[in-house]
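Work through the exercises below with the sequence and coordinates at hand. Each task is followed by its solution in steps.

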Amino acid sequence: MRKIFYLIWVAIILGGCALNTRPSWIITGERNLEGFKKSFFTYGPGEISDNYFKRTLEEFKKSGDLDLMEKAWLTRMALQVAVLEEMEERNYLEIAAVRQVPENENFFKFLRCEISEVEIGVLPEQYRSFGRALLTGDVLKTG
């Protein structure tokens, strides 16, 4: 009876630990995405940042999670907008055609400056005040 109780206890502990772990490819992909952002702003668009982005995509593809892939492409497009480059939309649109995530689609519209179609409350928190200011036309009061 003690052995059964012990085995059940070990199974519960191991099961609980398994629920809290994240796959290594997601962790590695997120690290590469951070590296991409840092190198993009440090060195600009180019080979260094592109290598980080390619590694991000390779890791996220392992997960099979289209939401992660969309977010990676949205991050890339957001950085392109931030440095006044033309947004490369094709890859995002290909993924979104398969499976649309409303929050991602909303952010995509925000990046495209389709502000009248954006649900401000669905934007990531750091963009909401700016989105409201764009919507009202008062971009000087974004604080």
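**Exercise 1.** Which residues line the second largest pocket?

Solution. The model is predicted, so local features need pLDDT of at least 70 and side-chain atom pairs count only at pLDDT 80 or more, while totals for chains, interfaces and linings use all residues. Residues are numbered from 1 along each chain as its sequence is written, and side-chain values use heavy atoms, with hydrogens and water left out.

Step 1: fix the term. On a 1 Å grid over the protein atoms alone, a pocket is an open set of points where a 1.4 Å probe fits, with protein on both sides within 12 Å along at least five of seven lines; lining residues have an atom within 4 Å of a point.

Step 2: list the lining. It consists of Ala78, Val81, Ala82, Phe107, Phe110, Leu111, Cys113, Tyr127, Phe130 and Leu134. The elements that contribute two or more residues to it are α4, α6 and α7 (helices are DSSP runs of H or I, at least four residues, numbered from the N terminus).

Step 3: classify. The lining has 10 nonpolar residues, no polar and no charged ones (nonpolar: Ala, Val, Leu, Ile, Met, Phe, Trp, Tyr, Cys and Pro; charged: Asp, Glu, Lys and Arg; polar: the others, Gly among them).

Step 4: give the volume, the space filled by probe spheres set on grid points joined across faces, edges and corners. The second largest pocket holds about 180 Å³.

**Exercise 2.** Describe the largest pocket and its lining.

Solution. Step 1: its volume is about 340 Å³.

Step 2: of its 14 lining residues, Lys71, Leu74, Thr75, Phe107 and Pro124 lie nearest the centre. Two or more residues each come from α2 (24–43), α4 (66–82), α6 (102–111) and α7 (125–136). Helix α4 gives the most, with four residues.

Step 3: the lining divides into seven nonpolar, three polar and four charged residues.

**Exercise 3.** Which helices does the salt bridge between aspartate 50 and arginine 76 link?

Solution. Step 1: apply the criterion, a side-chain nitrogen of Lys or Arg within 4 Å of a carboxyl oxygen of Asp or Glu. The closest N and O atoms of aspartate 50 and arginine 76 are 3.3 Å apart.

Step 2: locate the partners. Aspartate 50 is in helix α3 (residues 47–63) and arginine 76 in helix α4, 26 residues apart.

Step 3: check accessibility (buried is under 20% relative accessible area, exposed over 50%, partly exposed in between; 1.4 Å probe, protein chains only). Aspartate 50 is partly exposed at 26%, whereas arginine 76 is buried at 13%.
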